Amino acid sequence: MSNKDVGGRRLNLQAALGTTVRALPRLWSGAAGALILCAVLWLLPVFWPIEGWMRWAWALAAAASALVAVGALARLSIRDDLTGARALGLGPLGLQAKPPEARLVGALLLCLLFLSMIVSILALVVLAIFGMAELNVQAIQARDWAAVGAPWKLGVLAVLAAGAVAIPLLLIVRLSLFVPATLGRRQMVSLNSMGIAYGSFWPLLAGLIATALPKIVLLTLIATGTLAGRTGEVVWILGLVALQLPLTIGFLGAAYRQLEYWSPDEPK
């Protein structure tokens, strides 16, 4: 165990965002091959119709390229230089397919399984409570909200629905460090990543929103029709691969470096 106090750790959002921006040139150069491969494969259907069994082959190849890019960016984001990233298995230009990539897939599946279980339980509880509330179904269908039910009852149900949405969001943010943690600890880390993020939910959420600005801008341009057709698809994919992905993984790596409280060379 390192000298960090697990209970007293808090993410310095400004420092993490600054580290992310400064690391971008290193992320781009160190993972250039992986990012180019990812962009080419994801752009393929835009220029070349893919049909039949080739859709499955393309989907697997595109997913694998994204995994390779994430693995490369994560290695680079949790180390200060290329030498340190290569010690974690970074390949030439970020092209590698090694055991850490398999561990990332395993950790992702465990996180998704956990989240699906929580969401299923929440959905069943919400549906059961809504069923017991005896709301006026005909009024709902007629959009006559005043006749749906008593105001206090609707207020309670609204709070319940908000909580059902907030709980998965809380868990997603708390689990978000599983990628850098899996690479940094050199073992599969899924639910344990919530311990690393302990006490830093709001800074992590704010950082994820801040680094999602490119995606938000692109979505706004697409929704308003400024970006449309093939040009819009190309800009969308390139924006996600070249900017959004490095920003997000870079921020998560910077946050992990602040919040991690043990190293693979130390006993748990």
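Where is Leu11 found? In this predicted model, Leu11 sits in the segment before α1 (13-30). Its relative accessibility is 7%, so Leu11 counts as buried, the cut-off for buried being under 20%. Leu11 and Tyr256 are 245 residues apart along the chain, and their C-alpha atoms are separated by 8.9 Å.

Leu112 lies in helix α5 (residues 99-132). The two leucines compare as follows.

| Residue | Location | Relative accessibility | Class |
|---|---|---|---|
| Leu11 | segment before α1 (13-30) | 7% | buried |
| Leu112 | helix α5 (residues 99-132) | 45% | partly exposed |

Leu112 counts as partly exposed because its relative accessibility of 45% falls between the limits of 20% and 50%. Together with Val105, Leu108 and Leu109, Leu112 makes a nonpolar surface patch of about 340 Å².

The largest pocket holds about 1000 Å³ of space. It is lined by 32 residues, and those closest to its centre are Val70, Val179, Leu245, Thr248 and Ile249. Two or more lining residues come from each of α2 (32-47), α3 (53-77), α5, α7 (151-175), α8 (178-185), α10 (201-211) and α12 (229-259). Which element gives the most to this lining? That element is α12, with eight residues. By residue class, the lining of the largest pocket divides into 27 nonpolar, four polar and one charged.

Helix α5 thus appears in two settings: it contains Leu112, and it is among the elements that give two or more residues to the lining of the largest pocket.

Methods. Residues are numbered from 1 along each chain as its sequence is written. This is a predicted model: local features need pLDDT of at least 70, side-chain atom pairs count only at pLDDT 80 or more; totals for chains, interfaces and linings use all residues. Side-chain values use heavy atoms; hydrogens and water are left out. Patches are made of residues with over 30% relative accessible area and no salt bridge: like charges are joined within 9 Å, nonpolar side chains (Val, Leu, Ile, Met, Phe, Trp, Tyr) within 5 Å. Accessible areas come from the Shrake-Rupley method with a 1.4 Å probe; for residues, only the protein chains shown count as cover. A salt bridge is a side-chain nitrogen of Lys or Arg within 4 Å of a carboxyl oxygen of Asp or Glu. Helices (H or I, at least four residues) and strands (E, at least two) are DSSP runs, numbered from the N terminus. Buried means under 20% relative accessible area, exposed over 50%, partly exposed in between (1.4 Å probe, protein chains only). On a 1 Å grid over the protein atoms alone, a cavity is a set of points where a 1.4 Å probe fits but cannot get out, and a pocket is an open set with protein on both sides within 12 Å along at least five of seven lines; lining residues have an atom within 4 Å of a point. Grid points are joined across faces, edges and corners, and a volume is the space filled by probe spheres set on the points. Ala, Val, Leu, Ile, Met, Phe, Trp, Tyr, Cys and Pro count as nonpolar, Asp, Glu, Lys and Arg as charged, and the others, Gly among them, as polar.
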